[in-house]
Amino acid sequence: MAETILQASTLPQRLVVQLRQHFPLVDQRELAPLALAARAGEFTVLLVDGETAVSAAQIAALPQLKLIAVFGVGYERVDVLAARAQGVRVTHTPGVLTDDVADLAIGLLLATARQIGGAQRFIERGDWLQGSYPWTRKVSGARLGILGLGRIGRAIAQRAAAFNMAVSYHSRQQYDDFTGRFFATPLALADHCDFLVVCTNGGVATRALVDAKVLAALGANGILINIARGSVVDEAALVKAIDQGVIAGAGLDVFECEPQVPAGLMGRDNVVLTPHMASATHSTRRMMADLVFDNIAAYFAGRALPTPVTESPNP
Ligand code: 8YV
């Protein structure tokens, strides 16, 4: 029986075509549930996007599974511990999307502080004919707090340096090679900074790390940016904080129950929303696809996987 890839998410067509040219591939969504069970022994590779959950039960239901290839850097929806226990390796797409995500973080930060969306609506409504747009918030020289100092957090810090921002951070550990000030808790970081940018991993370990207390500490002049995962922010607390002026604004690319976005975040000049598109540029999505292909090709050729998940998953 030929080793087959089981595709369980919608992925770039170019990647699927390229994979099909080299390996047998079946789209799970075209299989009846019973057919999936009957053919379960064929599938050695499971191909998913970053939003698709892969549970211990799903892994156990594919007895020959050897590799889960994730199209995305975040892999918190895959039960990595269960995969390891069953001898299944997991790959993801780190590195290639770092610039795009950091770029969008800075874009959201500028758009939120300077109310670029609100200003456009102001022109479109014809309000400029009656007077000027209200003054907004200066970005250059402000204090930037980075929550989660991984590749993306560092790339944001690099960009913030060009804006003369004083960068500080909270992370699972303190880094000697990073000059920004370390804060031992998200609360202390929020209390210190003007802009808090969430760049942590998702998953249970970071769930609601930004809660009502952290938002209160960020304060009435503070702005929250989230390009990581919606789960890291207590969204109900955020809606309340925005509504009651506990914080000054938010720029958000990710949400708790995507693609659902709370109505309380909409129609506000101090809230900028984008639909989880930080890595969605032509060139980056192409590089992500190439990396997924390379990982799968390496598996089939018995070579070392280019970008395996190596760190311990969230407990
Ligand atoms: C994608 C992402 O939206 O890489 C990630 O972790 O959040 C994004 O690049 C997603 O994973 C694509 O499926």
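In this predicted model, a polar side-chain atom of Glu-51 lies 3.4 Å from an oxygen atom of the ligand. Polar backbone atoms also approach ligand oxygens: one belonging to Val-73 is 2.7 Å from such an atom, and a backbone N or O atom of Gly-74 lies 2.8 Å from an oxygen of the ligand. The ligand taken alone exposes 330 Å², and 91% of that area is buried by the protein. The surrounding shell comprises 13 residues, with Val-73, Gly-74, Arg-229, His-276 and Ser-279 the closest. By class, this shell is made up of four nonpolar, five polar and four charged residues.

Empty space in the protein was examined next. The second largest pocket holds about 190 Å³ of space. Its lining consists of 14 residues, of which Leu-6, Gln-28, Leu-36, Gln-58 and Leu-62 are the closest to the pocket centre. At least two lining residues come from helix 2 (33-39), and at least two from strand 3 (43-49). Eleven of the residues lining the second largest pocket are nonpolar and three are polar, while charged residues are absent from the lining.

One cavity of 30 Å³ or more was counted. The largest cavity has a volume of about 40 Å³. Asn-226, Gly-230, Val-233, Glu-235, Leu-238, Leu-252, Val-254, Phe-255 and Glu-256 form the lining of the largest cavity. Five of these lining residues are nonpolar, two are polar and two are charged.

Key. Residues are numbered from 1 along each chain as its sequence is written. This is a predicted model: local features need pLDDT of at least 70, side-chain atom pairs count only at pLDDT 80 or more; totals for chains, interfaces and linings use all residues. Side-chain values use heavy atoms; hydrogens and water are left out. On a 1 Å grid over the protein atoms alone, a cavity is a set of points where a 1.4 Å probe fits but cannot get out, and a pocket is an open set with protein on both sides within 12 Å along at least five of seven lines; lining residues have an atom within 4 Å of a point. Grid points are joined across faces, edges and corners, and a volume is the space filled by probe spheres set on the points. Helices (H or I, at least four residues) and strands (E, at least two) are DSSP runs, numbered from the N terminus. Ala, Val, Leu, Ile, Met, Phe, Trp, Tyr, Cys and Pro count as nonpolar, Asp, Glu, Lys and Arg as charged, and the others, Gly among them, as polar. A residue is near a molecule or strand if one of its heavy atoms lies within 4 Å of it. A polar contact is a pair of N or O atoms within 3.5 Å; within protein, one must be able to donate a hydrogen and the other to accept it, and residues adjacent in sequence count only if both atoms are side-chain atoms. Accessible areas come from the Shrake-Rupley method with a 1.4 Å probe; for residues, only the protein chains shown count as cover.
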